[in-house]
Amino acid sequence: MNPRQRLGLLALAFTLSTTGLAQAQTAPEPLKVIRIGVATGGVGSNPIRHGGTTTALAYTDGAFEDEFRKDGVEIKWVFFKGAGPAVNEALVNKQLDFAWQGDLPAIVARANGVKTRLIAGSGVRTGLYLAAQPDSGITRLEDLKGKRVALFKGTNLHLAASAALAAHGLKESDLKLINLDLAGGRTALLNKDVDAVFDYVGAFDLRDKGQAKIVWSAAADNYKFTRQTHLLVTEDFAAKHPQAVQRVVTTLVKVAHRYSNEANRADLFERWGKTEYPEKIWREDFIGQPLRVRLSPLLDPFLVSRYKEAAKDAHALKLTRSVPEIDSWFDRRYLNVALKELKLETYWPVYGPDGQLAN
């Protein structure tokens with residue numbers, strides 16, 4: 001072997017060794033744990049119980065655990081009593097891979113440069129209610145002018161309530177809004193520290209005890225005032241583990257399909273009856289609403305339009321410094337694959353931006 005051939009072989013060996021080193025440095029580490037944040041504290045412990053969404057059902061059923069058990073991947077659920085804003089903090093600190101939360105906190109995070117992708121609906125057209133003191137004289141939203149009203153700011157209740165107030169001729173400044181979480185708002189109502197509270201199904205319990213009256217419902221008024229929640233993934237995790245993201249979405253779609261079946265309605269509410277609220281309360285919240293509507297995983301035009309309006313409203317309320325771009329935030333690749341694989345492309349109804357049925 002002449003000197004030139006020897007140098008050529010040495011150069012080739014060096015190239016191969018450096019290429020292998022570069023590949024080793026860029027290849028993602030084997031997946032060992034998937035961290036899922038949930039924007040509620042739930043109730044109890046070991047296990048924590050929560051209801052109302054397909055993500056909650058996936059948690060209760062151990063669906064993700066079953067999917068990844070054969071690979072030795074741990075599913076770590078993290079519950080946040082600080083709701084969506086607390087989830088955002090964890091996302092910023094890179095402590096989560098997936099998260100279930102509402103529209104407003106996710107929009108705030110996006111406006112601040114947090115890189116995520118919305119990959120499935122999980123709890124859409126969720127109710128919003130106004131509970132008032134029984135003797136307050138409040139019978140409609142218009143009666144809230146000048147009243148003390150509790151509202152969990154920074155959550156998806158906030159924007160839905162603000163939009164409903166605006167539609168009824170009121171600005172936030174027309175009320176004496178007091179920022180309290182859901183439990184705090186109910187306590188304030190019981191103690192007569194506030195005249196009314198924007199709430200979810202927990203308001204039914206106060207009503208049934210004669211401690212409040214329900215004077216307004218988003219679903220009875222306009223679906224534009226309902227609340228939207230989703231499952232998102234961080235862009236970093238999606239880039240490193242696209243197959244894992246696909247498996248998560250496909251598993252969630254399977255759960256949504258199982259419980260969207262009206263034959264399973266009794267089982268659904270029995271499961272949720274073991275969570276934050278009694279079974280009868282969940283049933284009432286779903287009266288007149290098909291399971292295929294409330295448990296739909298679709299990222300349809302209605303959902304996109306709600307997030308676009310929410311982004312504008314958040315900016316108008318000075319909750320964000322800018323209006324983030326929304327369309328490209330919705331990543332339908334995983335959902336489309338799951339729907340096709342499971343032959344469910346036409347199972348859930350699609351709604352247009354106006355809230356009317358599109359198919």
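These legends describe close-up views of one predicted chain.

Local features in this predicted model need pLDDT of at least 70, side-chain atom pairs count only at pLDDT 80 or more, and totals for chains, interfaces and linings use all residues. Residues are numbered from 1 along each chain as its sequence is written, and side-chain values use heavy atoms, with hydrogens and water left out.

**View 1. The whole chain.**
The chain has 16 helices and 10 strands. Helices (H or I, at least four residues) and strands (E, at least two) are DSSP runs, numbered from the N terminus. Along the principal axes, the C-alpha atoms fill a box of roughly 100 × 45 × 40 Å. Of the 359 residues, 50% count as buried. Buried means under 20% relative accessible area, exposed over 50%, and partly exposed in between (1.4 Å probe, protein chains only). About 16,800 Å² is exposed, and carbon and sulfur atoms supply 52% of it. Areas come from the Shrake-Rupley method with a 1.4 Å probe; for residues, only the protein chains shown count as cover. Among contacts with a separation of 6 or more, 78% join residues 24 or more positions apart. Contact means heavy atoms within 4.5 Å.

**View 2. The largest pocket.**
About 720 Å³ of space lies here. On a 1 Å grid over the protein atoms alone, a pocket is an open set of points where a 1.4 Å probe fits, with protein on both sides within 12 Å along at least five of seven lines; lining residues have an atom within 4 Å of a point. Grid points are joined across faces, edges and corners, and the volume is the space filled by probe spheres set on the points. The lining holds 31 residues, and Ala39, Thr40, Leu182, Glu276 and Tyr277 lie nearest the centre. At least two lining residues come from each of α4 (83-92), β3 (98-102), α6 (156-167) and α7 (182-190). By type, the lining divides into 12 nonpolar, 14 polar and 5 charged residues. Ala, Val, Leu, Ile, Met, Phe, Trp, Tyr, Cys and Pro count as nonpolar, Asp, Glu, Lys and Arg as charged, and the others, Gly among them, as polar.

**View 3. The second largest pocket.**
This pocket encloses about 500 Å³ of space. Its lining has 21 residues, with Arg35, Asp97, Asp236, Phe237 and Lys240 nearest the centre. β1 (33-38), α4 and α10 (235-240) each supply at least two of them. The largest share, 4 residues, comes from α10. The lining divides into 9 nonpolar, 3 polar and 9 charged residues.

**View 4. The largest nonpolar core, with Phe98.**
This core has 80 residues; Ile34, Phe98, Val245, Trp272 and Phe330 touch the most other members. Helix α11 (residues 242-260) gives the largest share, 9 residues. A nonpolar core is a set of buried Ala, Val, Leu, Ile, Met, Phe, Trp, Tyr and Cys residues joined through side-chain atoms within 4.5 Å. Beyond four places in sequence, the contacts of Phe98 include Ile34, Ile119, Leu231, Phe237, Val245 and Val248. Another core, of 22 residues, lies apart from it; Leu130, Ile138, Leu151 and Ala196 are among its members.

**View 5. Phe64 and Gln246.**
Phe64 sits in helix α3 (residues 63-68). Phe64 is buried, with a relative accessible area of 2%. Not counting residues up to four places away in sequence, Phe64 touches Ile36, Ala58, Ile75, Trp77, Val248, Thr251 and Leu252. Thr250 is 186 residues away along the chain, yet its C-alpha lies 9.9 Å from that of Phe64. Gln246 belongs to helix α11. Gln246 is also buried, at 16% relative accessible area. Outside four places in sequence, Gln246 contacts Arg333, Tyr334, Val337 and Ala338.

**View 6. Asp313 on helix α15.**
Helix α15 (residues 301-316) carries Asp313. Asp313 is partly exposed, with a relative accessible area of 28%. Leaving aside neighbours within four places, Asp313 is in contact with Leu159 and Ala163.

**View 7. Backbone details.**
The peptide bond from Asn46 to Pro47 is cis, with omega near 5°. Pro47 lies in the loop between β1 and α2 (54-61). Arg125, not a glycine, has a positive phi of about 55°. Arg125 lies in the loop between β4 (116-121) and β5 (129-132), and counts as buried at 5% relative accessibility. Lys343 has a positive phi near 55° too. Lys343 follows α16 (333-341) and is exposed, with a relative accessible area of 71%.
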